[in-house]
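Trainee: I would like to take a close look at one single part of this model. Could you walk me through it slowly, step by step?

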Amino acid sequence: TLSAQGVNSHAVTQLFIMSSEEVSPASGTEEETINDNSPAATEETLPDAPAEEGADAAAKDGDAAAAEPKAKKKRTPKPKKPIEAPKIQKASGYPKTADMIIYAIESLGERKGSSVQGIKNFILKTYPTVKKEKLKKMLKATLPLCVDQGAIIRPDGQEDMAAMAGRYKLVKAAKSTNPSCEEMVVAAVGAMDERKGATVNSIKAWILDNYDHVRPEMLRHQVRIGLTKAQAKGTVAPHTPGKEGAKVSLAARWHIKGEAKKELLKKQADDRKAEAAKKKAAAARAPAKKKAAPPKAKKAAARKKPAPKAAPKKAAPKRRRR
């Protein structure tokens, strides 16, 4: 019995060993599939691979788009101000001839000027009440008057042409003669001529006193711009220089420098010479004053003799009573 039990136990152990050997290769293949990180394995095992490929393609497209230069935005031109039409007269049904001429030239806007035929066509199209047979006489009489008054001019080389020939142009508005912010600031700093420098408040006060076109609410901004430009050109400088590239300090004091200072000193010398010459000319024109005669010695006043005293009057005799 014992021998039979031993045989049976030996057979069981052999069977257990064989079964374990058969299972171990399968477990090994499972481990290999789990630990395999090759591209082929990931493509086969991961179900979301197509989505990732689409994301990568989109990222590449985005990088390519970023690498391309951005298209410049086109600037839209500012709309021009509408041209005001002249007032229509009630009696005739159309404006004055001079107003129609100026309106036609301004509306046509030709660089070389508008021809007489172009002006006629514009007037007839814009104002149908104007009679065509009268318009020629109206233009012939009014065009020379507009030229004489300075409203319109002839292009170069057409001054001697007949009134109904050639072209006509509008007179350009004269440019403003007001000084710039820089010129006003330099003039103010030079006029202050303070030892410690001119303050911004004193500059503003001087500008308001000497320039009528300046608006007080815009003066602070104009002074800042003027100081910035003048400092860049070296015509003014702060009393205590700050950092390079820093903004202009409105709390600083300012001196005039460089060529502007030389011009100021020269101007001051010329003004002193002119003032001295005026005084000299005025003194020469004035009549010479007569020399005053020496004071005469006062004569001793003659002593008046005292008037004789009047003799006392005698008393009248008393009358006796009878």
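Mentor: What follows is a walk along one helix, α4, and through the parts of the chain that it touches.

Please keep in mind from the start that this is a predicted model. Helix α4 covers residues 97-108, which is twelve residues, and from its first C-alpha to its last it reaches 16 Å, close to the 16 Å expected at 1.5 Å a residue. Just after the helix comes G109, which takes a positive phi of about 60°.

Next, consider which residues of α4 are buried: they are T97, M100, I101, Y103, A104 and I105. It helps to recall that an α-helix has 3.6 residues a turn, so residues three or four places apart point the same way. As for their partners, the buried residues of α4 pack against the helices α5 (116-126) and α6 (132-149), and also against the strands β1 (114-115), β2 (152-153) and β3 (167-170).

Let us take the partner α5 in more detail. Two packed helices are described by the angle between their axes and the distance between the axes. For α4 and α5 the angle is about 105° and the axes are 9 Å apart; because angles of 65 to 115 degrees count as roughly perpendicular, that is how α4 lies to α5. On the side of α4 the residues in this contact are M100, I101, Y103, A104, I105, S107 and L108, and they meet G118, I119, F122, I123 and T126 in α5. Sorted by class, the contact of α4 with α5 has nine nonpolar residues, three polar ones and no charged ones.

Within this contact, one pair of rings deserves a look of its own. A pair of aromatic rings is described by the distance of the centres and the angle of the planes. Y103 and F122 form an aromatic pair with 5.6 Å centre to centre and 70° between the planes, which is an edge-to-face arrangement. The pair links distant parts of the chain, with Y103 in helix α4 and F122 in helix α5, 19 residues apart, and both Y103 and F122 are buried.

Finally, turn to strand β1, where S114 lies. With a relative accessible area of 1%, S114 is buried, since buried means under 20%. Leaving aside residues up to four places away in sequence, S114 touches I105, L108, I119, G166, R167 and Y168. Of these, I105 and L108 also take part in the contact of α4 with α5, as does I119 from the α5 side.

How values were computed: Residues are numbered from 1 along each chain as its sequence is written. This is a predicted model: local features need pLDDT of at least 70, side-chain atom pairs count only at pLDDT 80 or more; totals for chains, interfaces and linings use all residues. Side-chain values use heavy atoms; hydrogens and water are left out. Helices (H or I, at least four residues) and strands (E, at least two) are DSSP runs, numbered from the N terminus. The expected span of a helix is 1.5 Å times one less than its number of residues. Buried means under 20% relative accessible area, exposed over 50%, partly exposed in between (1.4 Å probe, protein chains only). Contact means heavy atoms within 4.5 Å. Axes are lines fitted to C-alpha atoms, for helices over the stretch in contact, and angles run from 0 to 180 degrees between N-to-C directions. Angles under 35 degrees count as roughly parallel, over 145 as roughly antiparallel, 65 to 115 as roughly perpendicular and the rest as oblique. Ala, Val, Leu, Ile, Met, Phe, Trp, Tyr, Cys and Pro count as nonpolar, Asp, Glu, Lys and Arg as charged, and the others, Gly among them, as polar. Rings of Phe, Tyr and Trp (its six-membered ring) pair if their centres lie within 6.5 Å; planes under 30 degrees apart count as stacked, over 60 as edge-to-face and the rest as tilted.
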